[in-house]
Amino acid sequence: MDFSFYVPTKILFGRGKIKEAGFYAKGIGRKALVVTGKSSAKKTGSLEKLAKSLEEHGVEWVLFDKVEPNPLTTTIDRGAQLARESKVDLVIGLGGGSAMDTAKGIAFAAVNDGPIANYMEGKSGEKALPLILIPTTAGTGSEANNIAVMTNPATMAKKGFRNQSIFAKVSLVDPELTETMPPRVTASTGIDAFFHALESYLSLKSQPFSEILSLKAIELIFENLPKAVNAEDKESRDAMALASTMAGMAIGQSGVCALHGLEHPLSSYYGAPHGEGLAPLAKAFLRFVRPYTEDKLAKVAKIMKLPIEGLSKEKAAEKAIEAVEDLIESLGLPTSISYFGAKKEDVEKLAQNVKNYMVHNIANTPGNPDYEKIKAMYLESL
Ligand SMILES: [Fe+2]
């Protein structure tokens with residue numbers, strides 16, 4: 001056994017934690033760039049709560065609210081320019097994965113030369129402005145890892161940029177902030193968290209500490225996501241916020257697999273919301289990995305409390321896959337990639353994008369699918 005586990009982020013969990021943002025910001029910097037999406041932080045009141053706390057503690061702030069759903073490297077570069085011009089010494093990301101990942105990218109790009117796309121493609125750099133992250137969805141888990149997913153519009157590559165410098169100093173996980181999500185967003189962000197948990201568990205890089213997090217997150221999400229989507233239920237919101245942070249931490253250590261690898265081109269080419277894009281690919285992905293991961297999938301079936309007593313590992317693994325398919329269907333998520341506009345003749349282009357840009361996700365995948373297998377998974381998902 002050979003692994004490392006590194007999460008240098010102070011994570012504060014609890015209802016109302018956003019009120020402490022100013023206190024922690026004051027301990028880190030003098031002036032903050034607050035990074036949000038275009039409207040929801042304003043509409044839901046979360047930006048107002050953050051602003052109040054910053055002002056109470058005498059922290060100056062400027063707003064960058066240009067984040068799009070699948071953030072572009074060019075948007076990050078614009079935010080970095082504003083960060084430099086405004087002479088901020090701290091970046092605060094408030095929102096879903098897009099806002100937090102943009103904040104991470106800006107914190108890095110503000111103090112490194114040249115466009116962020118170069119670093120996403122492998123140029124080295126090691127410093128960033130300090131970060132505070134405040135999730136308002138229960139999905140990405142970005143608050144607990146050093147990954148920022150971004151799309152380079154010049155190449156259509158949607159990739160995770162990883163750097164030690166973009167771990168948040170402090171993450172405030174406040175489940176109350178997730179209560180304003182509409183059911184559709186709760187479902188799509190929640191299924192993203194579920195696949196972070198499942199893929200990090202199945203990943204060839206899984207390890208004892210991340211496995212504990214992955215399995216607990218699978219258990220919590222399987223039980224609580226339908227409740228969070230269908231009812232105004234505080235406990236299920238709390239459970240989802242906790243699980244998404246756990247799963248985010250797990251992928252930071254052990255990565256994701258081909259399912260995320262195959263989804264990214266759907267976001268790049270068709271603008272598929274990330275969680276919705278994962279849903280219709282899950283069946284083909286799980287059927288591909290099953291022969292290599294039967295023990296783990298049987299354990300997943302057990303964690304999900306499925307009736308598997310007396311069943312062989314093979315059958316128990318199948319039950320787990322069926323339960324995931326049922327979960328996706330019950331949440332009303334897409335079950336075919338044609339929903340986003342993908343056609344049979346696009347499969348070559350999608351698989352080529354995976355081959356070019358998602359090599360690390362494929363390398364983490366049990367069974368290491370080759371180009372033909374990737375194509376087959378897309379075809380099965382049409
Ligand atoms: Fe994801």
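# Exercises on a predicted model

Helix α5 (residues 97–109) has 13 residues and spans 18 Å from its first C-alpha to its last, close to the 18 Å expected at 1.5 Å a residue; the expected span is 1.5 Å times one less than the number of residues. Helices (H or I, at least four residues) and strands (E, at least two) are DSSP runs, numbered from the N terminus.

The model is a predicted one, in which local features need pLDDT of at least 70 and side-chain atom pairs count only at pLDDT 80 or more, while totals for chains, interfaces and linings use all residues. Residues are numbered from 1 along each chain as its sequence is written.

## Exercise 1: two helices and their burial

Determine how many residues of α5 and of α9 are buried.

*Solution.* Step 1 is the criterion: a residue is buried if 20 or more other C-beta atoms lie within 10 Å of its own, exposed if 12 or fewer, and partly exposed in between, with C-beta atoms placed from the backbone.

Step 2 applies it to α5, where 13 of the 13 residues are buried, so the helix is largely enclosed by the rest of the structure.

Step 3 turns to α9 (residues 234–254), whose 21 residues reach 30 Å from first to last C-alpha, close to the expected 30 Å. Of these 21 residues, 18 are buried, and α9 is thus mostly covered. Just after α9, G255 has a positive phi of about 75°.

## Exercise 2: overall form

Characterise the secondary structure and the compactness of the chain.

*Solution.* Step 1 counts the elements: the chain holds 17 helices and eight strands.

Step 2 compares sizes. The radius of gyration is 20 Å, close to the 21 Å that the globule rule gives for 382 residues, so the chain is as compact as a globular protein of that length. This radius is taken over C-alpha atoms, and the rule is 2.2 Å times the number of residues to the power 0.38. Along the principal axes, the C-alpha atoms fill a box of roughly 60 × 45 × 40 Å.

Step 3 considers packing. Buried residues account for 57% of the 382 residues. Two residues are in contact if their C-beta atoms, placed from the backbone, lie within 7 Å. Among contacts between residues at least 6 apart in sequence, 79% join residues at least 24 apart.

## Exercise 3: the two sides of α3

Identify which residues of α3 (residues 46–56) are buried, and what covers them.

*Solution.* Step 1 lists the buried residues: S46, L47, K49, L50, S53 and L54. These cover an arc of only 160° around the axis, which puts them on the same side of α3; the arc is that of the directions from the helix axis to the C-beta atoms.

Step 2 examines the face turned away from the buried side, which carries the exposed residues E48 and E55.

Step 3 names the cover, which includes α1 (21–28), β2 (31–37), α2 (40–43), β3 (60–67), β4 (90–95) and β5 (131–135). Just after the helix, G58 takes a positive phi of about 70°.

## Exercise 4: the domain contact

Describe the side of domain 1 that touches domain 2.

*Solution.* Step 1 sets the bounds: domain 1 covers 10–177 and domain 2 covers 181–380, as given by an automatic or database domain assignment. Their centres, taken over C-alpha atoms, are 25 Å apart.

Step 2 gives the extent of the contact: 23 residues from domain 1 and 28 residues from domain 2 take part.

Step 3 assigns elements. On the domain 1 side, β1 (10–13), β6 (147–152) and β7 (157–162) each give two or more residues, and β7 gives the most, with three residues.

Step 4 gives the composition of that side: 10 nonpolar, 10 polar and three charged residues. Here Ala, Val, Leu, Ile, Met, Phe, Trp, Tyr, Cys and Pro count as nonpolar, Asp, Glu, Lys and Arg as charged, and the others, Gly among them, as polar.

## Exercise 5: two loop residues

Establish whether A138 and M156 are buried, partly exposed or exposed.

*Solution.* Step 1 takes A138, in the loop between β5 and β6. With 33 C-beta neighbours inside 10 Å, A138 counts as buried. Beyond its neighbours within four places in sequence, A138 is in contact with T178, T189, G190, A193, M240, A241 and S244.

Step 2 takes M156, in the loop between β6 and β7. M156 has 16 C-beta neighbours inside 10 Å and therefore counts as partly exposed. Its phi is near 65°, a positive value in a residue other than glycine.
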